[in-house]
Amino acid sequence: MNKTIKIDGVEIPFKEGQTIMDAALAADIYIPHLCHKPGLSPHGSCKLCTVDVNGRAASSCTMPAAEGQEIENDTPALNEVRKTITQMLFIEGNHLCPSCEKTGDCTLQAIGYHLGMLDGHFPQFYPRREVDASHPTLVLDRDRCIMCELCVRASRECDGKNVFAISGRGTKRHLIVNSPTGRLADSDIELDDLAAHICPVGAILIKDHGYEVPIGRRTFDLHSVAETDLDEVILTKARHHDEGDDSGEKEGGVYGV
Amino acid sequence: MTPVKKREAYTVSKVRVATTSLAGCFGCHMSFLDMDERIVGLLEHVEFSRSPINDIKHCEPCDIGLIEGALCNADNVHVLKEFRENCKIVIAVGACAINGGVPAMRNHFTLQECLEEAFLDEIGVDNPHIPNDVEIPLLLSKVHPIHEVVKVDYYLPGCPPSADAFLKILTDLLEGKEPSLPKEMLHYD
């Protein structure tokens with residue numbers, strides 16, 4: 001007999017070992033998230049996927065599904081909290097959408113749309129962050145980094161390279177590059193790596209490919225972030241062919257295809 | 001017995017709207033005008049006070065103030081405060097007013113670096129000197145969105161917001177409804 005959990009009153013099945021997020025995605029239920037990608041180990045850092053599990057708040061990407069859980073997800077109260085988290089993500093970096101090549105393809109922006117975010121609410125931090133344009137094909141603009149560690153995990157778990165890591169704490173937290181000089185050009189990242197394509201915001205961009213798809217016809221101009229099968233759509237851009245992964249993490253995930 | 005006053009001509013009082021551009025590119029105003037002939041219908045209910053559309057320079061008491069652009073100098077702050085004092089409803093229009101937008105990209109640098117680049121070091125600069133005239137408003141050390149200085153009632157995101165979005169928010173307000181943007185009109189770019 002299938003084990004089940006209830007999300008917003010809807011009973012859905014889950015397999016042993018699945019998180020609430022895994023079970024929800026498999027059942028086409030959208031729980032807003034930024035730092036989670038099926039196939040990569042869960043991180044639990046963005047907190048957008050916070051749900052109420054039997055009355056207690058938990059990150060659905062790290063919380064294992066268990067028989068009999070009653071989960072609240074799409075409620076006005078939770079979405080309001082998620083909107084506040086999204087506003088904080090916007091104001092603590094330099095997320096100036098009109099000047100970003102990623103606009104329309106940016107998951108942070110799309111979540112802002114999904115949650116009806118109209119403004120940043122809080123005073124802007126306008127932090128000064130370093131841009132690394134040293135690499136011939138990639139550019140790293142830390143202004144937009146939201147520390148989701150998707151590139152860190154993709155490089156480690158899929159590319160087998162360990163190019164990225166997060167260093168520092170609080171407002172001084174930043175993405176570092178594993179190379180003798182700390183520059184992207186001196187690392188072993190390549191254009192075909194998943195880490196080069198997985199960034200949900202415009203922090204890691206591919207050079208020489210700006211504005212190929214006009215604004216208005218980009219991913220989130222045509223799709224809502226709440227479409228749970230969107231990962232395939234987004235990654236049609238990715239030119240990742242590395243299937244030689246021994247971690248087993250990505251099995252069954254979109255990157256395992 | 002008090003004399004019966006002669007009945008005056010019946011006039012519908014129009015909603016007074018003021019608009020301005022602070023540190024911005026006027027793109028939001030251009031987008032506003034993109035509503036084309038629909039502006040005629042709007043003008044049956046609305047009259048413009050201070051606005052670049054009619055070149056009135058000061059904001060009189062108004063119902064709605066549409067503000068495009070961020071704050072980059074002392075005059076921007078002065079104009080913004082004049083709007084807030086005179087407008088019942090202030091709407092932050094466009095990315096610059098809401099989060100600083102493109103003008104805020106200068107926040108990556110010091111004011112000195114910006115001035116030196118623009119007026120001393122830039123290629124093709126003739127007679128290099130940093131302008132210093134009492135007529136020129138003092139620059140703020142950083143560009144700020146308008147909600148950091150005055151209370152903003154509503155936000156209309158976009159770079160620029162579409163003419164449809166302008167029309168939607170104004171129509172909602174004219175009908176006495178709480179303004180809301182449908183999902184397809186919500187854009188930050």
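Author: A salt bridge is counted when a side-chain nitrogen of Lys or Arg lies within 4 Å of a carboxyl oxygen of Asp or Glu. With that cut-off in mind, we can look at this model, which is a predicted one.

Reader: Why is Arg82(A) said to have no salt bridge?

Author: The nearest side chain of opposite charge, Asp74(A), is 5.3 Å away, and because a salt bridge must fall within 4 Å, this pair does not qualify. Arg82(A), which lies in helix α2 (residues 76–92) of chain A, is nevertheless buried.

Reader: What does the side chain of Arg82(A) have as a polar contact?

Author: A polar atom of that side chain lies 2.9 Å from the backbone oxygen of Leu48(A), and since the limit for a polar contact is 3.5 Å, the pair counts as one. Leaving aside residues up to four places away in sequence, Arg82(A) touches Ile31(A), Pro32(A), Leu48(A), Cys49(A), Thr50(A), Val51(A), Asn73(A) and Leu115(A).

Reader: Why is Leu78(A) called buried?

Author: Its relative accessibility is 9%, and buried means under 20%, so Leu78(A) counts as buried. Leu78(A) is also placed in helix α2 of chain A, and, with residues up to four places away in sequence not counted, it touches Thr50(A), Val51(A), Asp52(A), Glu72(A) and Asn73(A). Of these, Asp52(A) is 26 residues apart from Leu78(A) along the chain, with 8.3 Å separating their C-alpha atoms.

Reader: How do you know that Asp159(A) has no salt bridge?

Author: Lys161(A) is the nearest side chain of opposite charge, at 6.3 Å, and this distance is beyond the 4 Å allowed, so no salt bridge is assigned. Asp159(A) is buried and sits in the loop between α4 (150–158) and β8 (164–167) of chain A; its side chain reaches the backbone nitrogen of Leu194(A) at 2.9 Å, which is within 3.5 Å and therefore makes a polar contact.

Reader: What makes up the contact between chain B and chain A?

Author: The contact takes 27 residues from chain B and 28 residues from chain A, and the two chains bury about 2,200 Å² between them, 58% of it on carbon and sulfur atoms. His108(B), Tyr188(B) and Asp189(B) supply 33% of the area that chain B buries against chain A, more than any other three residues.

Reader: How many salt bridges and polar contacts are counted between chain B and chain A?

Author: The count is zero salt bridges, whereas 11 residue pairs are in polar contact, both partners being at pLDDT 80 or more. On the side of chain B that touches chain A, the elements giving two or more residues are α4 (94–99) and β6 (139–144) of chain B, and the residues of that side divide into 14 nonpolar, nine polar and four charged.

Definitions and conventions:
Residues numbered from 1 in each chain as written. Chains lettered and ligands numbered in written order. Predicted model: local features only at pLDDT ≥ 70, side-chain atom pairs only at ≥ 80, totals over all residues. Heavy atoms only, no water. Contact = heavy atoms within 4.5 Å. Buried area = accessible area lost by both parts, 1.4 Å probe. Polar contact = N/O pair within 3.5 Å; in protein donor to acceptor, adjacent residues only side chain to side chain. Helix = DSSP H or I, 4+ residues; strand = E, 2+ residues; numbered from the N terminus. Nonpolar A, V, L, I, M, F, W, Y, C, P; charged D, E, K, R; others polar. Buried < 20%, exposed > 50% of the residue type's maximum accessible area, 1.4 Å probe, protein only. Lys, Arg positive; Asp, Glu negative; His and termini not counted.
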